[in-house]
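Colleague: Hi! I'm new to this one, could you walk me through a few parts of it?

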Amino acid sequence: MRILTVLLFIFSWSILAQVKYMPPSFMDGPRKLIFMDINQAYHQLNFLEDNNIEVVSRLDFNIYKSGYPLFDLVPSENLEVYLPIKKKSTVVCDKYYQSECLRRVNFYKTNFNSYVEPMYYADKYLLFPRDSKSSLYFFHTLKNANQASRFAKKSGFNFVFEFCDGNSKRQLLERYLPANLQFDQYPMTMEIKFANKFKKQKIITNDIKSKRFKISDYHYVLSYPEFYNSASIFFHTFAKGYFHEYPVRTVQGAIFYIYGKKDLLFEDRFSAGMGYKKLTNPWPQTYKLMQELTSTFGAFPHKEMIVYVGEKFSGIEHFGATRTSFFSLGHELYHQYIGRGVFPAGGRSAWIDEGLARWRDGGHWFWRWLPGQPFVDPYSSLKDLPRKYVGLPHQSVYQRRTRNPSFGKDYAYAAGAVFFSHINYKLNDRLNDLLRDFVKSRISSKNYMYNQSDFKKYLAKWANENGYSGLNILNLFNKFFNQNLLD
Ligand SMILES: [Zn+2]
C-alpha cells in the first residue's frame, strides 16, 4: 500500500510538472475544449516538384481530462494550409481576443496504418479515458511554399520558417506544422524529402549537428531536443549558391554562421530604408555585440549561432538562430539569453523579454542610469504611462503575441522598457546583475521556461537577498499594472 501511494505521488507530480503552464480549458458552446500535453511530434515534409510541401504529422500526446483536445495550426494570409480532413477539425477562437485561433480536434484514430476515421462529428464530446496516451495523425499541404525566384525555382527550393512578432501578430510553428502553444516542450523529429529535381539543397537548422542524419542528397532526418517549444526551431532550406554565406567564425565560444540575401548584404538599392545598414563585413559589429553580452550575462548559452540576414529592419529570435537585419542583430542576440535561452511560457509572459531587450537597446533611446549622469526615475517623468501599462500582464493566456493592437502598436516593448528602467533605478543600476543570476539559475537547472509569476517571484527573492529587503517588488508591479500579476 505504501509503495502504491509513493508511485501515485510520483505519477501525479510528473503530470503536474508537465501541465504547470498549460492554459485552462474553455467552453465553446456546449463543448469543453482542453489542451493536450504533446510527448513527441513527428513530421515528414515532402518538397514536391510543383513547389508545394506535403506534410504528414503524428503527435503523441497525453490528456488529463475529457473534452475536445486543441492543437495549433493556423494558416497565415500568405500561405494556404489545406487540410483534407478539415471537416474533422474546426477552428475555434479565443473569445476574448478574436484573432487568436486554435483547432479543435473532432477526429481521433489509434493506428498510423488505418485510414482517417472520425469517431465523432461536431456536436458530441470526444471522450478519452483519463491519463490515456494517444496519437493524432494528419496530413496537410503548404501551398506555393517555394520562395525562390522564378529562374531559381527550376532546380531549387527556398523555404524558411518565417516566425513573426511584428504588428500585433506573433506567428510561430503553427504557421507550418501542427503544434502546441508555447507552454509545451517536446522533442520533434522532421524527416525531409526533396523531389528529384531539387538536387543541391542545403539545410540550415539550429544546433543539432550531432542529431542530423543525411540519408541521401534528397532525404534527411532532423531531431530537436525535448526542451524546444513552438518558438525554438529554425529551419531553412535553399539551393547551394542562392544566398551569400560567410565562412564560419567562433565568437566568444560560439560558432557563428552568417548568411543572407545578396541584395541585403551588398547592393545599394535599399539604402534609403530607416536604420538599414548593409552587412558587407559583419564581423566587427558581431564581435562588439558579443563582447557586450558576454560581459553582461556570462557565457553565450548556445554552441552555434545562425544569423540569417533576411530582413531590412526587423528580426525574430529562435533558439541559437535569428532571421534578422543587421540593424536588429544586437536585439536578437540579447534574446539568445532572455527570450530563447530562457523563454516565456506563453504570449502573455513575452512582454518581459521584449521589454528587457528594448531596455537594452535603450542604451540609445530609453532610460538607463549611467555613472556620472543625473539619477532620474523615468517613471516620474512620464505622466501618461499608467494608463498604458494596465493591460500589459493581463492579456489572454491563449495568445501567442507580445503586442495587442488595442494597447498600442509598440506596447510590450516600450511600456516594458520603461517599467524595467524603473526597476533598474530602484535597484541602483543592478538590474543586469539580477538578470544574469536569473538566466544562470534557470539554465543550470534546465528549467528554461518561466511565466510572469515566476519572474516576479525571482525579482522579489533576488532583491531580498542582495540588500534591497526594504524594496517591495510586489508593490512596484502593482503600482505599474494596477493589479496583481496573473500567472
Ligand atoms: Zn525582440
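Colleague: How many bridges pair β12 with strand β15, and in what sense?

Modeller: β12 and β15 (residues 235-239) pair over five bridges, in the antiparallel sense. Strands here are DSSP runs of E with at least two residues, helices are runs of H or I with at least four, and both are numbered from the N terminus. Two strands count as paired if DSSP finds at least two bridges between them. Before we go on: this is a predicted model, where local features need pLDDT of at least 70, side-chain atom pairs count only at pLDDT 80 or more, and totals for chains, interfaces and linings use all residues. Residues are numbered from 1 along each chain as its sequence is written.

Colleague: Thanks! What stands opposite Ile204 in β15?

Modeller: That is His236.

Colleague: And in what order do the strands of that open sheet come?

Modeller: The order is β10-β15-β12, three strands with antiparallel pairing. β10 (159-160) and β12 (201-205) are at the edges with a single partner strand each, so one side of each has no neighbour in the sheet.

Colleague: Let's switch to β14. Which of its side chains are buried?

Modeller: In β14 (residues 219-224), Tyr220, Leu222 and Tyr224 point to one face and are buried, while His219, Val221 and Ser223 point to the other and are not. Buried means 20 or more other C-beta atoms within 10 Å of the residue's own, exposed means 12 or fewer, and partly exposed is in between, with C-beta atoms placed from the backbone.

Colleague: Which strands does β14 pair with?

Modeller: Strand β11 (residues 188-194) runs antiparallel to β14 and is joined to it by six bridges, with Met188 opposite Tyr224. Strand β13 (residues 212-216) also pairs with β14 in the antiparallel sense, over four bridges. β13 and β14 form a hairpin, with two residues between them.

Colleague: Now helices. Why is α5 described as largely enclosed?

Modeller: Ten of the eleven residues of α5 (residues 351-361) are buried, so the rest of the structure largely encloses this helix. Among the buried ones are Trp351, Asp353 and Arg358.

Colleague: Which residues of α8 are buried?

Modeller: Leu431, Leu435 and Phe438. They cover an arc of only 60° around the axis (taken from the directions from the helix axis to the C-beta atoms), which puts them on the same side of α8.

Colleague: Is Asn447, in the loop between α8 and β23, buried or exposed?

Modeller: Asn447 counts as exposed, because it has 12 C-beta neighbours inside 10 Å. Its C-alpha is separated by 9.6 Å from that of Phe343, 104 residues apart along the chain.
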